[in-house]
Amino acid sequence: MIPALVGGRSVGRAGPRAQGGLPGSACCSTNRDDHPLQTGATLPTRIPAGPPGPAAPPALALGVDRARLAGARRILSLRGIAIAGLVVSSLFAVPGFVGAQAGDAAAGKTVYERKCAGCHGEKGDGKGPAAELLAPKPRDFTAGLYKIRSTANKVPTDQDLFRIITDGMPGTSMPPWRVLGEKDRWNLVAYVKTFAADKFKEAPKKLELPKEVASSTESIKRGKEMFEAIECHKCHGTEGRADGPSRAELKDEWGHPIPPANLTKRWTFRGGPGRTEIATRLANGVLGTPMPAFLDSVEKPEDIWHLTNFILSLGPESPHYATLIQVMSTSGPIADDPNADLWKNIAPANVPMMGQVIVDPRNFNPAIDLVAVRAAYNDKEIAFHLTWDDPTQSADEPAKKLAADAIALQFPPQVTAGPERPYFLMGDASDAVYLVRWENGKGVTEATANGPTKIVPIQGGEASAKAVYANGQYRLVIKRPLASKDTARPTFAPAVFMPVAFQAWDGGAGESGTKMSLTSWYYLRLEEPQSNRRFVIPPVVAVLTLAVMLLVVRVANRRA
Amino acid sequence: MRKVIGAFLAIALVAGVAVVAHGPGPAGAQGGGTIEAAVTYAGAPVVEKLKVNKDTEKCGTEAVIERVVVGSNKGLAYAVVSVPGAKGAAKAVKTTVDQHGCKFVPHVTVMTPGELDLKNSDDILHNIHTYSTANPSINKAQPKFKKVMMEKFEKPEMIKLTCDVHSWMQGWVAVMPSPFFGVTDANGATKIENVPPGKYTVEVWHETLGKQTKDVEVKAGQTAKVAFEMKK
């Protein structure tokens, strides 16, 4: 069990969420290869069934802290203070270390029925009243099959279950339940296990990851090679945007369609965005889903880490959502090619998109979750550069039951002083909004809307657009004149906070009409144009100051 | 005393020759009988076709999912006929299933509990995803450079094999408790040899049409015929 300690510590450095192993065992297993606590400390309830060992059983019944103390005392007597020091440091080296606790299933049942049954069902079969609206579907606990686990076999540790309850599952409807007390969460772990008690008879087996490889240019290069060799792109796409050719065929073990992960959006990874978490998913797969285990299916064991480093290089850990969209001032012409250098030099404002759930038909599981916005203007026109991921390029083809991919920018027709703005969902009867909409296969149109079902096209289009689609991503430039000819369309002016909202449709996912993802009002602000005066005035001031100083010195010298 | 030893030697020798003569067949079946099974299905074949959007060089442009294959005289292919009650040692031959042309070959693999070699002769990524309950279910990637993987199936069970990369790939591994089994050919026929004499319940299983059983008496040196008519 010495490897378990070493593994636990190295894993632990990556943060408390990466605590994949059996932390309770770390304390008690340093000195003995055959210690029964190697799995028992996380699963104290199972100890009596295990082989009798030198640890005092009563301590186990009273909880892990006592067990740890007992273990530490024994080590003190056996190996001396040096080893105890090592053990203590190993325990406290892990920030936010949480020891596994024995939960009370009966107490957990009460919490479960109050907080969990709505989605997971009273019987734990994942068929709660809310389940039909959710994608992915809530976990069916009766199958005893868990996606996220740190173990080499199919049984998750209590710690794994506790972590999912505590941190939730990003990109799904499962929220973090830190709002519940720690004790309640441990009780839930105990209760959830009772839905598939026979599956938990087997002890969790710690997954031994290969020796960690730090990220470097070479490692990322090797990771990319391996990514291609093991054909990750079949599902995850060439650039990792979940647009691989097998995407449409993927189903989970319950027969529900399941999309592959978008590897450029680590913050949506179900099991967390950290290094150890990603390496663990690669090594032992995601149970119940098409994601297979790769630990024995890479050329060399350390390729797991090269792959991890490559995946980490595909996108940021967090989207850093924007609050304000700055429109850059430029004096030259604005390129309408979405891949032009101009756009590469502007940092994007990432805007989160939500499902439209106010008007029927609603969109509870929006396909587009983020639009990256860049914008620039010159003395004549303003241009918006929009980037968003869509794994399925689709145009309006009713014969194939496909709708068009589309995106829209929404502005109030006139900017007024004060906080009053039209209703964010395409305006209402009293206050209209101006929409610039681009649709794949149709191009750009302008419209006045008094609500999502009252959209009237504006004749005499002022806007133009150019789009490219590649590897699961749209890049689009929409341009229009800075000043408008009529009152249905806004005029953009520098240094004014201009309300803006976004709407997007993934036609391949069946989105059209009110089935869309959208934002509430954001603000954009045109940078004030930078005049040449900043290069003229400071030197003039400096020269004048110098002249005055010289004058003062001269006058003083004369008097003296 | 010598005579006794001599007699034992003679018996051992005869037994040894008999085993060798039978080759890798189930041991302990000398003087056994044969079961000839004919499995028919009156309904129409069930075949799904799918347009292939990747790996067309290996998989072809059209994938065919054969759920019910009916040959001449209504013969039902890929039905597993077995004699669960017959006792005998397992074959020493290792069982292999190949992923070839984006298909599991053979479509139905029958084995006694033990090891199964999973070959990938396609030079592209497949993943072995099993749906099993008695045996641990697995989902392991088998990239192009991983030519053979070995898996253990210790408990009798009908295990569905799938590949998530190529969703039309479906195969079965039938792990049988006894070594007396056969898979029907394109005409719905199979033969189980060297079955120790006795009264047995013969079982037939088909992936879509389910199970049936019939009682059969096997006599030494004789052929017992059994016919199954599968229904939906």
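Good morning. In strand β15 of chain B, A189(B) is the bridge partner of A38(B). I begin with this pair, and I should say at once that the model before you is a predicted one.

The two strands concerned are β1(B) and β15(B), the latter covering residues 189–195; they run antiparallel and are joined by five bridges. Strand β1(B) also pairs with β18(B), residues 223–230, this time in parallel and through eight bridges. Within that pairing, V39(B) stands opposite F228(B).

Let me stay with β1 of chain B, which spans residues 33–41. Which of its side chains are buried? Those of G33(B), I35(B), A37(B), V39(B) and Y41(B), which point to one face, are buried. T34(B), E36(B), A38(B) and T40(B) point to the other face and are not buried. Our opening residue, A38(B), thus belongs to the face that is not buried, whereas V39(B) belongs to the buried one.

I turn now to another part of chain B. Here five strands form an open sheet with mixed pairing, in the order β7-β13-β12-β9-β10. Why do β7 and β10 of chain B each have a side without a neighbour in the sheet? Strands β7 (108–111) and β10 (139–142) stand at the edges and have a single partner strand each, so one side of each remains without a neighbour there. On average, neighbouring strands of this sheet are turned by 20 degrees against each other, direction ignored.

Finally, a pairing inside this sheet. Strands β9(B), residues 126–131, and β12(B), residues 157–162, run antiparallel and are joined by three bridges. L161(B) in β12(B) is the bridge partner of T130(B). Thank you.

Note on methods:
Residues numbered from 1 in each chain as written. Chains lettered and ligands numbered in written order. Predicted model: local features only at pLDDT ≥ 70, side-chain atom pairs only at ≥ 80, totals over all residues. Pairing = 2+ DSSP bridges. Helix = DSSP H or I, 4+ residues; strand = E, 2+ residues; numbered from the N terminus. Axes fitted to C-alpha atoms, helices over the stretch in contact; angles between N-to-C directions. Buried ≥ 20, exposed ≤ 12 C-beta atoms within 10 Å, placed from the backbone.
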